[in-house]
Amino acid sequence: MLTLYNSKTRKKEPFTPLKEEVRLYTCGPTVYDFAHIGNLRTYIFEDVLKRVLFYNEYEVKHVMNITDVGHLVSDDDTGEDKVEKKAKEEKKDAWQLTSFYTGEFINDAKRLNILGPTILVKATDTIKEQIDLVKILEEKGYTYIIEDGVYFDTSKLDDYGKMANLDQREAGKRVEMRGKKNPTDFALWKFSKPEEKRQMEWEAPWGKGFPGWHTECVVMSAKYLGIPFDIHCGGIDHIEIHHPNEIAQAKAAYGENPANFWMHGEFLTVKEEKMSKSKGNFYTLKDIKKDYPPLAYRYLCLNSHYRSKMNFSREAMQGAKNSLRALQNRFDDLEQGSGMVSDEYKKEFLEAVNNDLNTPRALDITWSMLKDNQISDQDKRTTLEDFDRVLGLRISETREVPQEVTDLAAKRDLLRRESKFDEADEIREQIEGFGYRVEDIKDGYKITKK
Ligand code: AMP
Ligand code: ZN
């Protein structure tokens, strides 16, 4: 039985999907810069969740958004749009900027062996639907207009912010009211400032502007999954603002909480402080790639439970790199041949991952299995391959796939998801030119030597 911690009820609950297929929504990246490895920790946790669902033989429909507009520098709906700000600073086209960083995000995800979503949607591709949602909220009397935009009146819902500890939020933060009716009210549609020419803006009944950040996820999840769906995920910071604001809109517009389970991954910290762009204490995958293989970072993440803070340090990375290498060497030393998955260890492994994704325990079980003299080498090999469906450490794959090839494969995967099949085929040929073959597998792809 799979049990997952549900932030909505603040307890572990048995998980069963509402319909046959599990419908999963994960909040995606804001694509104004490279993701840092803290962001990537959240996507690794979500990937483990998805792999555990597959391991339990569920089908999964996974939708992820790309925030390419509307995420402001401050959570109080003030400050510049992160994308516009960066485009201005670098004198770049905002559309090219977001498309570049979307590609970089996808490359990072592939390097970490994160399975691609079934559907990846850009916020800018659902502007019409977002405007339609604001219209519904307006018709139902949940909105009001102030100088800089259309806002959601959170006092109209009895249980606004139930999932968050809002007392704490209000005590800890001084919220600028700027004409808002309640401190927790949030922007649904922001007006373009008359003196400022935005690159990304749209006409709407209330005035030219752009959508508030919290609206896109409501629209995309409802559009592609239908509500209520099964699981909604994000980083722990979303418990306070982004997710209560999504829930508020869905409740107001459609009368219900959009998701059955809400799951949140804890932060990656550096010297016990949250890793963040604004603090400047961050590393990207590119930064650490020079010294450590990306999958060593995945190993490091697996070695902490997703609901525990994880501290990043060079020593911890070195330890993970050594362990990953030891695991790969162990696999390579094991005799080939069709073995059997060890029932006893599979049972233990499944119990661990089904207990709210206890990956540190799953790694311990993996090592115990490898050290167990009662199990034949062939069985160890097959059992490790089976566990790697969840761990995602590419244990059985060719070790040295050149970077150019993995990057090309990631690019091809994106093109395929965007239905640009001719361009994707051209890239497949380029990959073959390097002596590799890319094969599409369930919800992802595999690179093998020709
Ligand atoms: P963003 O691209 O800023 O929208 O953030 C992407 C995801 O990373 C969100 O789900 C955040 O909650 C998450 N996140 C941000 N900082 C960290 C961190 N230090 N550790 C883990 N997750 C984080
Ligand atoms: Zn979201």
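Here are a few notes on a buried aspartate, some ring pairs and two arginines in this predicted model.

1. Ground rules first. The model is predicted, so local features need pLDDT of at least 70 and side-chain atom pairs count only at pLDDT 80 or more, while totals for chains, interfaces and linings use all residues. Residues are numbered from 1 along each chain as its sequence is written, and side-chain values use heavy atoms, with hydrogens and water left out.

2. Have a look at Asp-81, in the loop between strand S4 (60-66) and helix H2 (82-89); helices (H or I, at least four residues) and strands (E, at least two) are DSSP runs numbered from the N terminus. Asp-81 counts as buried, at 4% relative accessibility (buried is under 20% relative accessible area, 1.4 Å probe, protein chains only). Beyond its neighbours within four places in sequence, its contacts include His-71, Arg-198 and Phe-210 (contact: heavy atoms within 4.5 Å).

3. Two of those partners also meet each other: the charged end of Arg-198 sits over the Phe-210 ring, 3.5 Å from its centre. Arg-307 likewise lies over the face of Tyr-5, at 4.0 Å. The test is NZ of Lys or CZ of Arg within 6 Å of the ring centre and within 35 degrees of the ring normal.

4. There are 16 aromatic pairs (Phe, Tyr or Trp rings, the six-membered one for Trp, with centres within 6.5 Å; planes under 30 degrees apart are stacked, over 60 edge-to-face, the rest tilted). Phe-15 and Phe-261 are edge-to-face, with centres 5.4 Å apart and planes at 70 degrees. That pair links positions 246 residues apart, and both rings' residues are buried. Ring pairs join Phe-15, Tyr-58 and Phe-261 into a cluster.

Conventions
Chains are lettered from A and ligands numbered from 1 in the order in which they are written. Buried means under 20% relative accessible area, exposed over 50%, partly exposed in between (1.4 Å probe, protein chains only).
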